[in-house]
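Biologist: Before we discuss this structure, I should like to hear the reasoning behind each label you attach to it. Please set the values against the criteria as we go.

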Amino acid sequence: MPRFLVRTFLCTLATLILQAQQTEVVLSASSSAKLVLGMAPPKVSGLDEAQVAAEFTAVVRRDLDETGVFAVLQERLPSDTAPAKAWKEAGAQWLLTVRLTRATTGDLQLEASALDTAAEKAVFTKPYKADRLVPLRRLAHALADDLVARLTGERGVASSRVVFVREMAPGVKELFQIDRDGANLIQLTRHGSLTLAPSVAPDGRLAYVTYKGGAPEIWGQRRRDGAHEKLYPLSGAGGMVSTPIWSPDGRRLAFVQGDRRGNSDIMILDLEAGRARRLTDGNGINTEPSWNPNGTQIAFTSDREGGPQVFLMQDDGSNLRRLTGEGQYNASPAWSPNGAMIAYVSRFEGKFDLFIYKLGEGKAYQITTGVSTSESPAWSPDERRLVFTSNRFGSAQIFTTDLSGRQVVRMTELPGCQSPKWTRGR
Amino acid sequence: MRYGTYLVPAAIVLTLGSLACKPPKTAEEIKQETQAAFNEGAQAFKDGKARTTNPYLSEKEAKENPHKMQGWYDGWDKAKADKDAADKAAAEKAAADEAARKAAAEKAAAEEAARKAAEAEKAAAFKKAAEALKTIHFDYDKSDIKEADRALLQGIADFMKAYPAAKVEIEGHCDERGTNEYNLALGNRRAAAALAYLKTLGVDEARFTTISFGKEKPVCTEAKEACWGQNRRGEFKLK
């Protein structure tokens with residue numbers, strides 16, 4: 001009898017620990033209304049069921065959970081007798097059925113269809129084909145993105161990736177990329193030096209700063225999938241360059257050049273012409289440029305009026321105006337993909353938090369709260385989430401949050417990460 | 001009578017013995033004999049009548065070892081003797097040259113060592129002087145030179161004046177608070193502030209380069225003011 005009690009106690013403890021680990025990732029659940037999607041077990045042929053469960057079903061489920069618009073319901077209901085009715089009674093509004101086949105050649109075939117359980121008619125049908133080199137999780141991401149597109153009108157971001165900087169050793173940082181769900185970590189640069197501030201063009205080309213030559217230089221790709229080469233300065237010393245940001249059309253780079261008098265100015269480099277033009281007036285620090293979606297305006301941080309504040313200007317330097325009003329330290333603006341919002345960080349009670357300025361309302365909203373610091377906001381391509389760095393678990397790691405700040409998800413457990421950028425292009 | 005038994009025969013033996021033995025040659029006699037033999041040989045050479053016998057060989061020995069006789073004169077070859085003499089002279093000259101060369105090399109090595117020692121001493125002096133390149137510190141979000149750091153900067157200016165060839169890179173660093181990019185700009189401003197102050201102390205600003213590492217290269221990684229204060233710094237590195 002005592003042994004039984006001990007065993008029960010241990011089991012309970014293990015369950016509690018497991019639950020604690022699970023809830024550590026999702027800090028709080030979003031409560032907005034979601035569509036309940038029933039997911040029948042996939043019909044599989046030519047593939048290992050366990051592999052499908054781990055690399056397909058679980059991936060689709062996680063992708064859909066993190067969209068914030070679906071709630072996934074997985075139950076083993078008898079699928080042949082009146083399936084829609086059974087799922088409807090279980091609470092599902094849509095029923096997703098999936099058939100996965102691997103041909104003898106190794107090619108994958110996926111047939112996915114979704115049924116409206118109330119109206120009992122198909123709302124989504126799509127066949128997918130992939131050769132044997134494509135991993136299952138890639139198909140799962142594509143399916144999740146298409147389901148979101150069917151429901152919301154805009155493709156999801158499960159197939160997107162995040163490029164970021166990771167510290168390899170003291171004074172050595174390199175660029176990495178990771179899938180949006182935290183899988184498939186790839187190292188992008190091997191400069192063996194301080195490599196900072198990645199920016200990704202819409203077609204996936206990189207630009208960044210590296211100190212491999214001693215002084216900082218802007219490096220990047222002139223062509224899609226091309227070799228990494230020096231973009232600025234092409235000859236001589238370029239001064240203290242930093243923060244290259246691709247324009248939305250991928251033809252220009254906004255960047256920052258510091259001079260020997262301590263000023264930093266926003267510059268624009270025309271890559272085809274090879275000419276750089278100064279936009280700000282050499283008055284104090286001007287840095288962290290961020291383009292609006294059509295490439296006509298730039299948001300940036302300037303301390304021209306004392307502490308750092310967010311300003312806006314045209315892409316020729318005219319029409320300068322201050323955006324942020326409250327707070328002593330507002331910086332790191334990131335213009336949203338649709339142009340209606342600007343995310344930034346603000347010092348608040350001794351640490352930094354993410355804020356969103358809604359241009360239409362002319363008001364700022366606080367996103368993150370808590371005792372830890374949150375930095376470097378970057379928008380998801382669908383404008384539903386922000387990726388950022390936070391030291392809430394000690395060393396700086398990458399997190400995403402929805403715009404309410406209630407659903408914060410840790411993207412990687414890698415320590416020493418900074419400057420994430422979220423892209424569909426890679 | 002008692003002693004006469006021994007003394008008388010002893011006296012007889014000694015007297016007879018001394019008469020019977022030839023007294024040993026004195027050194028003078030040996031010298032004279034040798035000189036005579038040499039003179040004889042030399043005269044024979046002068047007369048063109050070479051000796052046919054080796055005066056240093058007894059007849060018995062000459063008979064037992066005829067080869068010792070033959071080599072005495074028959075092998076004489078003037079050309080070979082001249083050549084040998086020339087070779088010997090040449091060898092001596094070569095040896096002398098070699099010795100001279102060695103001496104010169106040793107001298108050069110000594111000079112090189114002395115030069116190196118002087119250089120090392122100079123480098124050591126330079127290195128010691130370069131210790132004047134002390135790290136300065138800044139207040140949060142500030143780039144003003146602190147009162148306490150002015151003496152350090154004066155030391156750096158003195159060093160730059162003492163070593164006109166020295167070039168220095170000024171690094172600006174920040175603490176972890178604030179954004180990466182704004183801190184890069186702030187580090188640049190800190191480096192520029194140090195540069196401007198050194199310029200007022202009379203050092204040519206072309207001898208400095210400035211660079212900012214923002215908050216990317218902290219010397220201390222804990223989240224507390226003691227640590228942040230160490231990280232908000234300006235470093236001076238010889239280039």
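Biologist: How many bridges join strand β16 (residues 264-270) of chain A to strand β17 (residues 275-278) of chain A, and in which direction do the two run, parallel or antiparallel?

Modeller: This is a predicted model, and in it 4 bridges join β16 to β17 of chain A, with the two strands running antiparallel. Pairing requires at least two bridges, so these strands count as paired. A:Leu269, for instance, has A:Ala276 in β17(A) as its bridge partner.

Biologist: What lies between the strands in the hairpin of β16(A) and β17(A), and which residue there takes a positive phi?

Modeller: The hairpin has 4 residues between its strands, and A:Gly274 takes a positive phi near 75 degrees.

Biologist: What makes β27 and β28 of chain A a pair?

Modeller: Strand β27 (residues 385-390) and strand β28 (residues 397-402) of chain A are joined by 6 bridges and run antiparallel; since at least two bridges are needed, the two strands count as paired. Within this pair, A:Val387 stands opposite A:Thr400 in β28(A).

Biologist: Which sheet holds these strands, and is it open or closed?

Modeller: The sheet is an open one of 4 strands in chain A, with the order β26-β27-β28-β29 and antiparallel pairing. Its edges are β26 (374-379) and β29 (408-410), each of which has a single partner strand, so that one side of each is left without a neighbour in the sheet. From one strand to the next, the twist averages 30 degrees.

Biologist: Which strands of chain A supply residues to the side that touches chain B?

Modeller: The contact takes 28 residues from chain A and 19 residues from chain B. Among the strands of chain A that each supply at least two residues to that side are β10 (195-200), β22 (330-335) and β26, while β14(A) gives the most, with 3 residues. By class, the side of chain A that touches chain B has 11 nonpolar, 12 polar and 5 charged residues.

Biologist: Why is B:Gly178 called buried?

Modeller: B:Gly178 has 23 C-beta neighbours inside 10 Å, and because the criterion for a buried residue is 20 or more, B:Gly178 counts as buried. The residue is placed in the loop between β2 (168-173) and α7 of chain B. Leaving aside neighbours within four places in sequence, B:Gly178 is in contact with A:Tyr329 and B:Asn183.

Biologist: How do you know that chain B as a whole is not a compact globule?

Modeller: A compact globule of 239 residues would have a radius of gyration near 18 Å, whereas chain B has 48 Å. The C-alpha atoms of the chain fill a box of roughly 130 × 75 × 35 Å along the principal axes, and buried residues make up 23% of its 239 residues. As one example of distance within the chain, B:Gly178 and B:Thr34 are 111 Å apart in space, C-alpha to C-alpha, and 144 residues apart in sequence.

Biologist: Which residues meet where α6 and α7 of chain B come together, and what is the handedness of the crossing?

Modeller: The axes of helix α6 (residues 150-162) and helix α7 (residues 180-200) of chain B come within 10 Å and cross at roughly 65 degrees, and the crossing is right-handed. On the α6(B) side, B:Leu153, B:Ile156 and B:Ala157 meet B:Ala194, B:Tyr197 and B:Leu198 in α7(B). By class, this contact has 6 nonpolar, no polar and no charged residues.

How values were computed:
Residues are numbered from 1 along each chain as its sequence is written. Chains are lettered from A and ligands numbered from 1 in the order in which they are written. This is a predicted model: local features need pLDDT of at least 70, side-chain atom pairs count only at pLDDT 80 or more; totals for chains, interfaces and linings use all residues. Axes are lines fitted to C-alpha atoms, for helices over the stretch in contact, and angles run from 0 to 180 degrees between N-to-C directions. A crossing is left-handed if the near helix is turned anticlockwise from the far one by less than a right angle, and right-handed if clockwise. Two residues are in contact if their C-beta atoms, placed from the backbone, lie within 7 Å. Ala, Val, Leu, Ile, Met, Phe, Trp, Tyr, Cys and Pro count as nonpolar, Asp, Glu, Lys and Arg as charged, and the others, Gly among them, as polar. The radius of gyration is taken over C-alpha atoms; the globule rule is 2.2 Å times the number of residues to the power 0.38. A residue is buried if 20 or more other C-beta atoms lie within 10 Å of its own, exposed if 12 or fewer, and partly exposed in between; C-beta atoms are placed from the backbone.
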